[in-house]
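Got your viewer open and a fresh colour palette ready? Let's take a walk through this one, stop by stop.

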Amino acid sequence: MTQYLLKRGGQSLVLLLLVSLIGFGILYLSPGGPLSQLAQSSNMAQEDIDRLTRSMGLDRPFLIQYADWLLRMVRGDWGASYRDGIGVLATIGSHIGATLSLMAVSTVIAALLGGVIGIWGAVRRHSLMDALSSVGAMIALSIPTFWFGLMAIYLFSIKLGWLPAGNQQTFGDGSFLDLAHHMIAPVMVLALVETAVWARFMRSSMIETLEQDYIRTARAKGVGGRAIIVSHALRNALLPMITLVGLQFPTLLGGALITETVFSWPGMGRLFFDSLEYRDYPVVMGILMLSAIMVMLGSLLADVLYAIADPRIRMD
């Protein structure tokens, strides 16, 4: 286990280095630059902009800028926001809670609902319910997330008036019920696509498990259908789902970016979009690196949990 963790840690460091290099390069080559908005202001002379460019080190070659940023990041100095001067880690820290709460609630709902649908589809193969769930999953996976968000706002906020159209809380009301009320629509949209993925994976895993020899032996001994599913098939069918948790992390982050933008949810996705629009490159790079770290940790955690759940798995 220790050797495997060290190996994966080394691979993750190399991958993080590549992610940072590519991300920094894209921002460096993007037109405009962080001072483009100041250049459009009539109150800023070109001499002032040139002076700011030199003072911020933006006139240096790419490799020097990247090496300076990388060394500071390794030391724990992720820089400060161009917009308000607040540290990048503090800025991200004030938004990450909203994103993690959205991801956690949507994942729990999707896993439970998708698991039930998948098990039902596997047990009742080729039934009407199985066909409807398969069609529904394909539709959910085919339609963009932002479309579901816009439709949710139009139906439940504008037409019916049941749910808020956006934001995390009502101004002046910090109660838990108000937070939960605002969370319903974005969680519903984010969990919709996740549920489709969980249902398809769970169905395939359960079908494969039900076709194993030990399941046939249990049936031949007269074990009832429910006992077979609950006592014999379910645990083994759930093992591949552990890996799905890690695989879904990038999808969750991407879905959160779109969902938070549509619903004005003050999380990392919304912060990333606003920072890109403002050309706040330190915050953009901070979110990019933190997201990459979270994805790698999620994948590693899934592998470790899978090995713990199934002792037959060797982690070399």
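**Stop 1: two helices that cross**

Start by selecting α1 and α4: α1 passes α4 in a right-handed crossing. Keep in mind as you rotate things that this is a predicted model. The angle between α1 and α4 is about 130°, and their axes lie 11 Å apart. That angle is why α1 counts as oblique to α4.

Now show side chains where the two helices touch. On the α1 side, pick L17, S20, L21, F24, G25 and Y28; on the α4 side, pick F62, Q65, Y66, W69 and L70. Colour this contact by class and you'll get 8 nonpolar residues, 3 polar ones and no charged ones.

**Stop 2: zoom out**

Hide the side chains and go back to a cartoon of the whole protein chain. How many helices and how many strands does the chain have? There are 12 helices and 0 strands. Follow the sequence from one end to the other and the pattern reads α-α-α-α-α-α-α-α-α-α-α-α. If you draw a box around the C-alpha atoms along the principal axes, it comes out at roughly 85 × 55 × 35 Å.

**Stop 3: the largest pocket**

Next, switch on a surface and look for the largest pocket, which has a volume of about 530 Å³. Its lining is made of 27 residues, and the ones to click for the centre are P34, L58, Q65, Y82 and Y281, the closest to it. You've met Q65 already, as one of the α4 residues that touch α1.

To see where the walls come from, colour the elements that each give two or more residues to the lining: α1 (2-29), α2 (36-39), α3 (46-55), α4 (62-74) and α12 (281-309). Which helix gives the largest share of this lining? That's α4, with 4 residues. By class, the pocket lining splits into 16 nonpolar, 8 polar and 3 charged residues.

**Stop 4: α6 against α8**

Leave the pocket and select residues 128-142 (α6) together with residues 176-210 (α8). These two helices pack at an angle of about 135°, with 9 Å between their axes. Hence α6 and α8 are oblique to each other. Look at the handedness here: α6 passes α8 in a left-handed crossing.

Turn the side chains back on for the contact. From α6, show D130, S134, A137, M138, A140 and L141; from α8, show L192, V193, A196, V197, R200 and R203. This α6–α8 contact holds 8 nonpolar residues, 1 polar and 3 charged.

**Stop 5: α7 against α10**

For the last stop, select residues 145-159 (α7) and residues 225-262 (α10). Their axes are 9 Å apart and the packing angle is about 30°. Are these two oblique or roughly parallel to each other? With that angle, α7 and α10 are therefore roughly parallel. Their crossing is right-handed.

The contact to display here is T145, F146, G149, L150 and I153 from α7, meeting I258, T259 and V262 from α10. Colour by class one more time: the α7–α10 contact has 5 nonpolar and 3 polar residues, and no charged ones.

Key
Residues are numbered from 1 along each chain as its sequence is written. This is a predicted model: local features need pLDDT of at least 70, side-chain atom pairs count only at pLDDT 80 or more; totals for chains, interfaces and linings use all residues. Side-chain values use heavy atoms; hydrogens and water are left out. On a 1 Å grid over the protein atoms alone, a cavity is a set of points where a 1.4 Å probe fits but cannot get out, and a pocket is an open set with protein on both sides within 12 Å along at least five of seven lines; lining residues have an atom within 4 Å of a point. Grid points are joined across faces, edges and corners, and a volume is the space filled by probe spheres set on the points. Ala, Val, Leu, Ile, Met, Phe, Trp, Tyr, Cys and Pro count as nonpolar, Asp, Glu, Lys and Arg as charged, and the others, Gly among them, as polar. Axes are lines fitted to C-alpha atoms, for helices over the stretch in contact, and angles run from 0 to 180 degrees between N-to-C directions. Angles under 35 degrees count as roughly parallel, over 145 as roughly antiparallel, 65 to 115 as roughly perpendicular and the rest as oblique. A crossing is left-handed if the near helix is turned anticlockwise from the far one by less than a right angle, and right-handed if clockwise. Contact means heavy atoms within 4.5 Å.
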